[in-house]
Amino acid sequence: MADARAARGACPAGIRPGDETAAASAVREMFGRVAPRYDLLNHLLSGQLDVYWRRRLVRAVRPYLQRPGLRFADLCCGTGDLALALTKERRRLASARSGVPLAADFCRPMLERAKSKLAQAGSHCELAEADATRMPLADASLDLVTIAYGFRNLASYDRGAAEFRRVLASGGCLAMLEFSQPPSVVWGALFGAYFRHVLPRLGNLVSGSGQAYSYLHRSVQHFPSPAEIRRMLLDRGFTRVEMQSLTGGVSVLYLAYV
Ligand SMILES: C[S@@+](CC[C@H](N)C(=O)[O-])C[C@H]1O[C@@H](n2cnc3c(N)ncnc32)[C@H](O)[C@@H]1O
């Protein structure tokens, strides 16, 4: 586990560790394959916990969403659930309607789903097909960056963290959700078994891509611990990092401030 934890970027099966270009292509193709069933599987496999976890993020960034003229982007937006929840909350808050948020992902089939969902809900978002480690944005051009379950998939976590810091202006915030390994031995073993045995089978049944869901388990196992992520964010120039453990540590909400 210690070696695996040392991984500094996503590494899907069959990819040579350190080959970031190949890792990014494999991740993009994998999400392209699961895109048609992604939402269904997300809600089914997490028992709707994914909805609750995103809601926790939205609640945590409310002070930002209330700001008139807020500039914000949801990176690795997938099919747009977080962008949708954020724009709905922002609309709900009086005086906070100015500014068009950005929702970005590097996988076109995911982005197309986000586009139609956001349009259906009447949520106005600019969509961009872009790599979260190389955003087509100026330095210090955003007040809020959000990312849910995307960071773990980046080919380089360090470059991702540096990019989030680069695009955030002074006073800005990065709000990030990621899976983690629960600290409790019992809860960790239960979740490990679910991730390792149940998830790939169900994923295969519904999406036809068990590989994507075996990758999910491996990627969580190889992902740095919350303390390591916190350190990485601080090293990249964030001044303060708060962490909230959700559902016994299965998911962690990071709030990193500039
Ligand atoms: C697990 S999904 C999460 C989607 C969404 N944020 C959610 O909460 O459901 C991860 C998403 O990250 C995207 N992704 C992975 N690496 C990326 C990168 N380097 N740049 C942009 N998007 C990326 C994938 O295409 C996928 O849509």
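Which helix gives the most to the shell around the ligand, and with how many residues? Keep that in mind as you go through these close-ups of a predicted model.

**View A. The shell around the ligand.** The answer to the opening question is helix 2, which contributes 4 residues to the shell. In total, 22 residues surround the ligand, and the closest are Cys-76, Gly-78, Phe-106, Cys-107 and Ala-148. Two elements give two or more residues each to this shell: helix 2 (20–34) and helix 6. Sorted by class, the shell holds 13 nonpolar, 5 polar and 4 charged residues.

**View B. Helix 4 packed with helix 6.** Having met helix 6 at the ligand, you can now look at its contact with helix 4. Two packed helices are described by the angle between their axes and the distance between the axes. Helix 4 (residues 49–60) and helix 6 (residues 81–92) pack at about 40°, and their axes are 10 Å apart. With that angle, the two helices are therefore oblique to each other. Their crossing is right-handed. On the helix 4 side, look for Arg-54, Arg-55, Leu-57 and Val-58; they meet Asp-81, Leu-82, Ala-85, Leu-86 and Glu-89 of helix 6. The residues of this contact comprise 5 nonpolar and 4 charged, with no polar ones.

**View C. The open sheet and its edges.** Here 7 strands make up an open sheet with mixed pairing, and their order is 3-2-1-4-5-7-6. Strand 3 (126–129) and strand 6 (240–246) stand at the edges; each has a single partner strand, so one side of each is left without a neighbour in the sheet. From one strand to the next, the twist averages 15°.

**View D. Strand 1 paired with strand 4.** Moving inside the sheet order, strand 1 (residues 72–75) and strand 4 (residues 142–148) pair in the parallel sense over 4 bridges. To find your place along this pair, start from Ala-73, which stands opposite Val-145 in strand 4.

**View E. Helix 7 on the sheet.** Helix 7 (residues 108–120) packs on the sheet, where it touches strand 2 (102–105) and strand 3. The direction of helix 7 makes about 175° with that of strand 3.

**View F. Helix 11 across strands 6 and 7.** Which strands does helix 11 lie across? Helix 11 (residues 226–235) lies across strand 6 and strand 7 (251–257). Relative to strand 6, helix 11 runs at about 155°. You may recognise strand 6 from View C, where it stands at an edge of the sheet.

Methods. Residues numbered from 1 in each chain as written. Predicted model: local features only at pLDDT ≥ 70, side-chain atom pairs only at ≥ 80, totals over all residues. Axes fitted to C-alpha atoms, helices over the stretch in contact; angles between N-to-C directions. Parallel < 35°, antiparallel > 145°, perpendicular 65-115°, else oblique. Left-handed = near helix turned anticlockwise from the far one by under 90°. Contact = placed C-beta atoms within 7 Å. Nonpolar A, V, L, I, M, F, W, Y, C, P; charged D, E, K, R; others polar. Near = placed C-beta within 6 Å. Pairing = 2+ DSSP bridges.
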